[in-house]
Structure formats: structure tokens, C-alpha cells
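Trainee: Got a minute to go through this one with me?
Mentor: Sure, put it up.

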Amino acid sequence: MDQLINRLQAGDNSAVKDLYQQYYHHCKWVVLNNGGSNEEAQEVFFSLWEKVERTNFTINSTLKGYLYNACKYQWWDVKKKSDNAVSLEVAHNVAYEEEREEKIHQEERYKLLYSCIEELGGECEQLLEQTYFENLSDKEIASVFKLKLNYVRIKRKRCMDRVKKCVRQKQKYHG
């Protein structure tokens, strides 16, 4: 879980400031772009902050992603109550489209990553597959490749550096 969430739940006052500085502008942007005011953006953000601060709060995404979506839905709820301007059907359609676009984008990133790993071939491809897809430990990988444990880590870092370079090059070329 995000360290900031842990700090908030532990009552760390500086965490509130960090949360505000890092994420308030995202919430404000959502509210202002949907017809709200600065005051309404603050109300929405602080109600979300109260939810995050609860000790039983958990999320399955990044804090930024959670706050963005939660802010959007919280604002729609506030707006709906005040003027019934946003229907539930519209909210679901927008959420569905955003989720679909995110899935497509995620799939494209995975395809790019996989293609770069495949281009490496040989030991690098096998080492990365065993590490990230088969979840083998460094010790198990060392015995498979007949390498020293420390060298497995060094080799993996070198392989990942090559994958990152490949991804950057392909993104630059295609993006």
C-alpha cells in the first residue's frame, strides 16, 4: 500500500500536507472542468481525504488514480444532488470508456514490453521470464543458470536496462 496512506492512517500531520500538495490540483481540475468552484473542489477533496485516512481503507490502484476517479464520482454525486445535471447512465458510460481506453493502453504497453524482452532472446529473455512470469527466486534462477547469486541480480539489472532502452526507443519511434 502507498506509504502516504500509511502515514495518513498513522495520524502523521505532515502526510495531510503532502496529500494536498501532491493530489489536490487533480481533484480541483476535475471539479472545475465539470462546472464546479474552488470551494466545491476543496469540499470534495477533503471528503475523500477523510475516506483515505480511515484505517480500514485499501485500494488496488495508485493513490493518484484512486483519488482522480473518486473525486470525479464524488463531484458527480454532489452535482447530481444539487441540480440533477449528471445522470447515472452518463457517469457509467464515461467510466466505461475511460476503463476501456486504459485497458487498451495497458495492453499496448505490455505488448511493447514483451516484444522488447523477446528481442533480447537468450539468457536475458529466460532470466526475465523466470523472474517476472514464473516468480522464481534468485536462488532458484542461480541454480538453473549455474550462476552465483549476486551475478543473477547483476545480470537481471543489465537485462532490464536493455529492455528499458528498447522500450524508450520504440516509444520514441512510434510515439
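Mentor: We can take disulfides, then salt bridges, then the pocket.

Trainee: What kind of model is this, and what limits apply?
Mentor: It is a predicted model, with local features needing pLDDT of at least 70, side-chain atom pairs counted only at pLDDT 80 or more, and totals for chains, interfaces and linings using all residues. Residues are numbered from 1 along each chain as its sequence is written, and side-chain values use heavy atoms, with hydrogens and water left out.

Trainee: How many disulfides does a search of the whole structure find?
Mentor: The search finds 2. The cut-off is a pair of cysteine sulfur atoms within 2.5 Å.

Trainee: Which cysteine does Cys116 pair with?
Mentor: Cys116 bonds to Cys166, with the sulfur atoms 2.2 Å apart. The link is left-handed, at -80 degrees about the S-S bond. Cys116 sits in helix H5 and Cys166 in helix H8, 50 residues apart, so distant parts of the chain are linked. Helices here are DSSP runs (H or I, at least four residues), numbered from the N terminus.

Trainee: Is Cys116 buried or exposed?
Mentor: Buried, at a relative accessible area of 1%. Cys166 also counts as buried, at 11%. Buried means under 20% relative accessible area, exposed means over 50%, and partly exposed is in between (1.4 Å probe, protein chains only).

Trainee: And what does Cys124 join to?
Mentor: Cys159, S to S 2.0 Å. That link is left-handed too, with -80 degrees about the S-S bond. Cys124 is in helix H6 and Cys159 in helix H8, 35 residues apart. Both cysteines are buried.

Trainee: Switching topic. How many salt bridges does the structure hold?
Mentor: It holds 8. Each needs a side-chain nitrogen of Lys or Arg within 4 Å of a carboxyl oxygen of Asp or Glu.

Trainee: What does Lys155 meet in a salt bridge?
Mentor: Glu123, at 3.4 Å, N to O. Lys155 lies in helix H8 (residues 149-174) and Glu123 in helix H6 (residues 122-133), so the pair ties together parts 32 residues apart in sequence. Lys155 is buried at 17%, while Glu123 is partly exposed at 35%.

Trainee: What about Asp138, which Arg does it bridge to?
Mentor: Arg153 is one partner, with the closest N and O atoms 3.2 Å apart. Asp138 lies in helix H7 (residues 138-145) and Arg153 in helix H8, so that pair spans 15 residues in sequence. Arg156 also forms a salt bridge with Asp138, and there the closest N and O atoms are 2.8 Å apart. Arg156 is in helix H8, so the bridge to Asp138 in helix H7 ties parts 18 residues apart.

Trainee: How accessible are those residues, buried or partly exposed?
Mentor: Asp138 is buried, at 18% relative accessibility. Arg156 is buried as well. Arg153 is partly exposed, at 40%.

Trainee: Which residues are linked in a network of salt bridges?
Mentor: One network links Arg7, Asp12 and Asp18.

Trainee: Now the pocket. What is the volume of the largest one?
Mentor: About 360 Å³. Of its 14 lining residues, the closest to the centre are Asn69, Ala95, Glu98, Glu99 and Glu102. On a 1 Å grid over the protein atoms alone, a pocket is an open set of points where a 1.4 Å probe fits, with protein on both sides within 12 Å along at least five of seven lines; lining residues have an atom within 4 Å of a point. The volume is the space filled by probe spheres set on the points.

Trainee: Which elements give two or more residues to the lining?
Mentor: Helix H4 (63-83) and helix H5 (88-120).
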